Amino acid sequence: MTWFFVMLVCLTQPARFLAQESKSQPSEDPVQNSEPADFNRSIYYKNKLEFSLETGWLTINIPFVFDVFLGDAYTETPLKYTLVPVIASLRWQMGDVKGPKILRGNWDLEFSGSVTAIPRGPETRYFSYIMGIRRNLVPRNWRIIPYFDGRAGLGNIDAKGPKGVQYAQGQNFTFTLNMGSGVRYNFNPRYSITAGLNWMHISNLYLSEPRYANYGINVYGPMVGIDIGLGKHQRKAAQ
């Protein structure tokens with residue numbers, strides 16, 4: 001009689017036995033591997049503020065790179081310069097990381113003040129205010145991040161052209177351009193270091209002519225710096 005009651009229970013409660021059987025069988029659905037969280041979302045995000053301090057050793061003299069567009073001869077003067085800029089900057093990240101894979105990144109708006117020593121050349125110092133933009137190229141989970149930037153501004157130099165020094169600067173008030181590229185290494189969301197090359201141009205935009213010629217300064221060389229995040233760190237969701 002025992003077997004009769006077992007069959008009766010199976011016939012009256014089939015759903016229960018089918019459910020137990022399905023639980024005992026392994027699932028045929030493949031396990032989906034999700035991408036690891038992108039820690040760069042905690043470093044590059046909209047409205048982040050950073051303080052940057054950079055210095056360089058710009059010893060390589062070249063003609064003005066935009067002479068071809070101005071119709072001037074692409075030549076150098078016999079007078080050579082070495083510039084040692086110290087640049088303090090406030091950077092504001094204007095957006096979150098986005099874009100196609102190769103160009104994925106965001107933009108910084110830069111506001112900078114600079115003090116430049118001139119160990120080689122008739123002038124001795126240069127003070128300037130510059131501002132511009134920087135593009136950060138941010139692959140997923142890379143600690144080494146390439147960048148390029150461009151800045152422009154105005155400044156004051158102790159010009160020696162009016163004192164009779166040939167090929168020196170023609171007046172104190174000048175304009176300046178800075179273009180650079182390099183890499184940034186992020187230790188964590190707050191601290192990082194940078195290293196790259198920077199080109200610097202100083203001239204008075206022909207304002208001293210015809211009395212004093214506008215020769216300008218055009219040099220480039222290595223630049224290094226440190227970046228420090230300001231304010232409370234904002235943790236971004238992984239994407």
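A residue is called buried when its relative accessible area is under 20%, exposed when that area is over 50%, and partly exposed in between. By this scale Phe148, with a relative accessible area of 41%, is partly exposed. The same scale is used throughout this account of the structure, which is a predicted model.

The protein chain contains three helices and nine strands. Followed along the sequence, these elements are arranged in the pattern α-α-β-β-α-β-β-β-β-β-β-β. Of the 239 residues in the protein chain, 37% are buried. The surface that the protein chain exposes amounts to about 14,000 Å², and carbon and sulfur atoms supply 66% of this area. Among contacts with a sequence separation of 6 or more, 69% are made by residues 24 or more positions apart.

The pairing of strands may be followed from β1. Strand β1, residues 49–56, pairs with strand β3, residues 82–93, in the antiparallel sense, over seven bridges. Within this pairing, Glu54 has Ile87 of β3 as its bridge partner. Strand β3 is also joined to strand β4, residues 105–120, by 11 bridges, and these two strands likewise run antiparallel. Here Gln93 has Asp108 of β4 as its bridge partner. Strand β3 thus takes part in a pairing with β1 and in another with β4.

The interior comes next. In soluble globular proteins, nonpolar side chains tend to be buried together. In this model the largest nonpolar core has 12 residues, namely Leu58, Tyr81, Leu83, Ile118, Tyr126, Ile157, Ala159, Ala168, Met200, Ile202, Ile217 and Val219. Strands β8 (191–203) and β9 (217–229) each supply at least two residues of this core. A second, separate core has five residues, including Ile43, Tyr44, Val97 and Val138. One member of the largest core, Ala168, illustrates how such a residue is surrounded. With residues up to four places away in sequence not counted, Ala168 touches Leu79, Tyr81, Pro122, Glu123, Lys160, Gly161, Ala213 and Tyr215.

Asn218 offers a polar counterpart to these nonpolar residues. Asn218 is placed in strand β9. Its relative accessible area is 7%, so Asn218 counts as buried, given that the limit for burial is under 20%. The side chains of Asn218 and His201 are joined by a polar contact of 2.7 Å. Apart from neighbours within four places in sequence, the residues in contact with Asn218 are Ile60, Asn61, Ile62, Pro63, Phe64, Trp199, Met200 and His201. One of these, Met200, also belongs to the largest nonpolar core.

Strands β8 and β9 are linked by a loop that includes two residues with notable backbone geometry. Pro210 lies in the loop between β8 and β9, and a cis peptide bond joins Glu209 and Pro210, with omega of about 10°. Leu205 lies in the loop between β8 and β9 as well. Although Leu205 is not a glycine, its phi is positive, at about 60°. Leu205 has a relative accessible area of 55% and is therefore exposed, the threshold being over 50%.

A positive phi is also found at Asn47, which is not a glycine and has a value of about 75°. Asn47 is placed in the loop between α2 (14–24) and β1. The relative accessibility of Asn47 is 46%, so this residue counts as partly exposed.

Aromatic side chains remain to be described. The count of aromatic pairs comes to five. In one of them, the ring centres of Trp107 and Phe148 lie 6.5 Å apart and the ring planes stand at 90°, so the pair is edge-to-face. Because Trp107 lies in strand β4 and Phe148 in strand β6 (residues 144–157), this pair ties together parts that are 41 residues apart in sequence. Trp107 is partly exposed, at 36% relative accessibility, and Phe148 is partly exposed at 41%. Tyr185 and Phe187 form another aromatic pair, with 5.1 Å from centre to centre and 80° between the planes, and this pair is edge-to-face. Tyr185 counts as partly exposed at 33% relative accessibility, and Phe187 is partly exposed with a relative accessible area of 45%.

Methods: Residues are numbered from 1 along each chain as its sequence is written. This is a predicted model: local features need pLDDT of at least 70, side-chain atom pairs count only at pLDDT 80 or more; totals for chains, interfaces and linings use all residues. Side-chain values use heavy atoms; hydrogens and water are left out. A nonpolar core is a set of buried Ala, Val, Leu, Ile, Met, Phe, Trp, Tyr and Cys residues joined through side-chain atoms within 4.5 Å. Buried means under 20% relative accessible area, exposed over 50%, partly exposed in between (1.4 Å probe, protein chains only). Helices (H or I, at least four residues) and strands (E, at least two) are DSSP runs, numbered from the N terminus. Contact means heavy atoms within 4.5 Å. Accessible areas come from the Shrake-Rupley method with a 1.4 Å probe; for residues, only the protein chains shown count as cover. A polar contact is a pair of N or O atoms within 3.5 Å; within protein, one must be able to donate a hydrogen and the other to accept it, and residues adjacent in sequence count only if both atoms are side-chain atoms. Two strands pair if DSSP finds at least two bridges between them. Rings of Phe, Tyr and Trp (its six-membered ring) pair if their centres lie within 6.5 Å; planes under 30 degrees apart count as stacked, over 60 as edge-to-face and the rest as tilted.
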